[in-house]
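Trainee: Please take me through the surroundings of the ligand in close detail. After that, I would like the setting of the rest of the chain.

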Amino acid sequence: MRKIGGIQRRVFLIGILMGTLGFFVGMFKTKTCAQASGDFFGREEYVGKTRKGRFKKFYVQYFKPFKRVDGDKWKLKITGLCENPQEIDLVEIKKLSKKTQVSRIKCVECWSAKAQWEGFHISHLHEKVRPLPDAEGVVFRCADSYNEYLPLNDLTHERALLVHTMNKEPLSDEHGFPLRVIVPFKYGYKSPKAVLEMEYVKGFHLGTWSKIGPYSLDGTILPGYDHPLDMGKKRRKIFGGEIFDY
Ligand SMILES: Nc1nc2c(c(=O)[nH]1)N[C@H]1C(S)=C(S)[C@@H](COP(=O)(O)O)O[C@H]1N2
Ligand SMILES: [Mo]
């Protein structure tokens, strides 16, 4: 009885000790976390993932928070397998022959949202940079360290666009300022935002989400269901490929 009592007392004392220790460690941790998040997300010049406020109707997906891109300093860097690698500033990008389309971004996380996009077809960029016969696709590198690969077959599709304008306004930082890709027949993760660099490459490359998640490498929208944010998230059946019927 005494022995059990002794063990119990010892366990009790160790418990108190651990608890007290835990409390202080916890306090310290909370403090450092709060400081870190304050530094990273709290300031105006950072942008990251959000689903609040005006973004309830068009979620914002970012791999990592990052410092907003300065449009005056930004240049699209074009590298890799092309005859004429170069850097193109936003003024020149906006001069490329314009194309407008209404299309929906469908995320694998089930939501979708629709907008009018304006930008250019990649063929106009190709007139400038002239991809080599070896080039099979492009790796896009983005401001939030996200990267994604698209084969030239998809990028030259008539519904694929590089866009700088959304609903008649310059792209917001949240939706990919200064330049993003729109590939409406593929899941949203194949539409990289805030693009800094395009590298023309041979062979297939894995993108950020495909490395992390159970995402298909090809990204084509599969038959299933959709919860459009602009239609109150009411479940709709979809048949695969680009969503044209709403
Ligand atoms: N740079 C960058 N682009 C990205 C992502 C990202 O994390 N970083 N997420 C992708 C995913 S998963 C989706 S669904 C769409 C969403 O676009 P939106 O944030 O404009 O709604 O962006 C895609 N492009
Ligand atoms: Mo997504």
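Mentor: What follows starts at the ligand, moves to one buried residue, and ends with the backbone and the chain as a whole. The model is predicted, and the values below are computed from it.

Ligand 1 is surrounded by 20 residues, and the closest are Tyr59, Asp144, His175, Arg180 and Lys193. Two of the short distances to ligand 1 involve side chains. An N or O atom in the side chain of Asp144 is 2.7 Å from a nitrogen atom of ligand 1. For His175, an N or O atom in the side chain is 2.7 Å from an oxygen atom of the ligand. The backbone takes part as well: an N or O atom of the Ser191 backbone lies 3.0 Å from a nitrogen atom of ligand 1. On its own, ligand 1 has 530 Å² of accessible area, and the protein covers 100% of it. The space that ligand 1 takes is the largest pocket.

Next comes Glu148. Glu148 is part of strand 8, which spans residues 147-151. With a relative accessible area of 1%, Glu148 counts as buried because the cut-off for that class is under 20%. The side chain of Glu148 makes a polar contact of 3.1 Å with the side chain of Lys190. Leaving aside residues up to four places away in sequence, Glu148 touches Val138, Val139, Phe140, Tyr189, Lys190, Pro192, Gly207 and Ser210.

Some backbone details deserve a check. The peptide bond from Phe177 to Pro178 is cis, with omega near 0°. Pro178 sits in the loop between strand 10 (169-170) and strand 11 (180-182). Cys110, which is not a glycine, has a positive phi near 100°. Its place is the loop between strand 5 (99-106) and strand 6 (111-120), and at 26% relative accessibility Cys110 is partly exposed. Asn167 also has a positive phi, near 50°, in a residue other than glycine. Asn167 belongs to the loop between strand 9 (161-166) and strand 10, and its relative accessible area of 43% makes Asn167 partly exposed.

As for the whole chain, the protein has five helices and 14 strands. Of its 246 residues, 43% are buried. Among contacts between residues at least 6 apart in sequence, 63% join residues at least 24 apart. The protein chain exposes about 13900 Å², of which carbon and sulfur atoms supply 58%.

How values were computed. Residues are numbered from 1 along each chain as its sequence is written. Chains are lettered from A and ligands numbered from 1 in the order in which they are written. This is a predicted model: local features need pLDDT of at least 70, side-chain atom pairs count only at pLDDT 80 or more; totals for chains, interfaces and linings use all residues. Side-chain values use heavy atoms; hydrogens and water are left out. Helices (H or I, at least four residues) and strands (E, at least two) are DSSP runs, numbered from the N terminus. Buried means under 20% relative accessible area, exposed over 50%, partly exposed in between (1.4 Å probe, protein chains only). A polar contact is a pair of N or O atoms within 3.5 Å; within protein, one must be able to donate a hydrogen and the other to accept it, and residues adjacent in sequence count only if both atoms are side-chain atoms. Contact means heavy atoms within 4.5 Å. A residue is near a molecule or strand if one of its heavy atoms lies within 4 Å of it. Accessible areas come from the Shrake-Rupley method with a 1.4 Å probe; for residues, only the protein chains shown count as cover. On a 1 Å grid over the protein atoms alone, a cavity is a set of points where a 1.4 Å probe fits but cannot get out, and a pocket is an open set with protein on both sides within 12 Å along at least five of seven lines; lining residues have an atom within 4 Å of a point. A molecule sits in a cavity or pocket if more than half of its atoms lie within 2 Å of its grid points.
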